[in-house]
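Thanks for sharing this one; here are my notes, in numbered points. Please keep the structure open beside you while reading.

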Amino acid sequence: MSLSKNASADGKTLTIQIKGKFDFNLVQSFRQAYADVGNQTEKVVVDLRDTDYMDSSALGMLLNMKKTLGDSVSSIQISNCRPQLKKILQISRFDKKFDID
């Protein structure tokens, strides 16, 4: 399990990519990934392309990120969800709080 982040060339999009399990073990590194989001960042993308598991702590981390970033970013997108992860997000009604694709 690992987490990586990278900003777009213009600095407007921050992408956080999670590989393996998105669970309690990533709390600190996930928080640090968006801690230095500046005013130029408009969009945060959480890329779950290589994520094969997520638990309730992952849902909590997403909510904390949304709360922390507040209105400083225009959108938070959860992208490349595998079907089982998308189902968890929909059951938890995260599709009302985040852009999910």
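1. I would begin with what covers the buried residues of helix H2: the list includes E2, helix H1 (27-35), E3, E4 and H3. Contact here means heavy atoms within 4.5 Å, and buried means under 20% relative accessible area, with exposed over 50% and partly exposed in between (1.4 Å probe, protein chains only). The H2 residues that count as buried are Ser57, Ala58, Leu59, Met61, Leu62, Met65 and Leu69. Helices (H or I, at least four residues) and strands (E, at least two) are DSSP runs numbered from the N terminus.

2. Before going further, a word on the source. This is a predicted model, in which local features need pLDDT of at least 70 and side-chain atom pairs count only at pLDDT 80 or more, while totals for chains, interfaces and linings use all residues. Residues are numbered from 1 along each chain as its sequence is written, and side-chain values use heavy atoms, with hydrogens and water left out.

3. The length of H2 checks out nicely. At 1.5 Å a residue, its 14 residues should span 20 Å, and the end C-alpha atoms are 20 Å apart, which agrees; the expected span is 1.5 Å times one less than the number of residues. Just after H2, Gly70 takes a positive phi of about 50°.

4. Now the sheet. Five strands make an open sheet with mixed pairing, in the order E1-E2-E3-E4-E5. Its edge strands are E1 (2-7) and E5 (99-100), each of which pairs on one side only. Two strands are said to pair if DSSP finds at least two bridges between them.

5. At one edge, E1 and E2 pair in the antiparallel sense over six bridges, with Ser2 opposite Lys19 in E2. The two strands form a hairpin with five residues between them, and Gly11 in the turn has a positive phi of about 75°. At the other edge, E4 (residues 75-79) and E5 pair in the parallel sense over two bridges; here Gln77 stands opposite Asp99 in E5.

6. How do the helices lie on the sheet? H2 (residues 56-69) lies across E2 (13-22), E3 (43-54) and E4, running at about 175° to E3. Helix H3 (residues 83-91) lies across E3, E4 and E5, at about 115° to E3. These angles run from 0 to 180 degrees between N-to-C directions, and the axes are lines fitted to C-alpha atoms, for helices over the stretch in contact.

7. The aromatic residues deserve a look. Rings of Phe, Tyr and Trp (its six-membered ring) pair if their centres lie within 6.5 Å; planes under 30 degrees apart count as stacked, over 60 as edge-to-face and the rest as tilted. By this rule there are three aromatic pairs. Phe30 and Tyr34 form an edge-to-face pair, 5.7 Å centre to centre with 70° between the planes. Being four residues apart in helix H1, Phe30 and Tyr34 are separated by about one helical turn, and both are buried. Phe94 and Phe98 form a stacked pair, 5.5 Å centre to centre with 15° between the planes. Phe94 counts as buried at 4% relative accessibility, and so does Phe98 at 3%. Ring pairs also link Phe22, Phe30 and Tyr34 into a cluster.

8. Two lysines are worth pointing out. The charged end of Lys66 sits over the ring of Phe98, 5.5 Å from its centre, and the charged end of Lys21 sits over the ring of Tyr53, 5.7 Å from its centre. The rule asks for NZ of Lys or CZ of Arg within 6 Å of the ring centre and within 35 degrees of the ring normal.

9. Finally, two loop residues. Asp55, in the loop between E3 and H2, is partly exposed at 22% relative accessibility. Leaving aside residues up to four places away in sequence, Asp55 touches Phe22, Asp23 and Phe24; Asp55 and Phe24 are 31 residues apart in sequence and 8.0 Å apart in space, C-alpha to C-alpha. Lys12, in the loop between E1 and E2, is partly exposed with a relative accessible area of 37%. With the same sequence neighbours left out, Lys12 touches Gln40, Thr41, Glu42 and Lys43.
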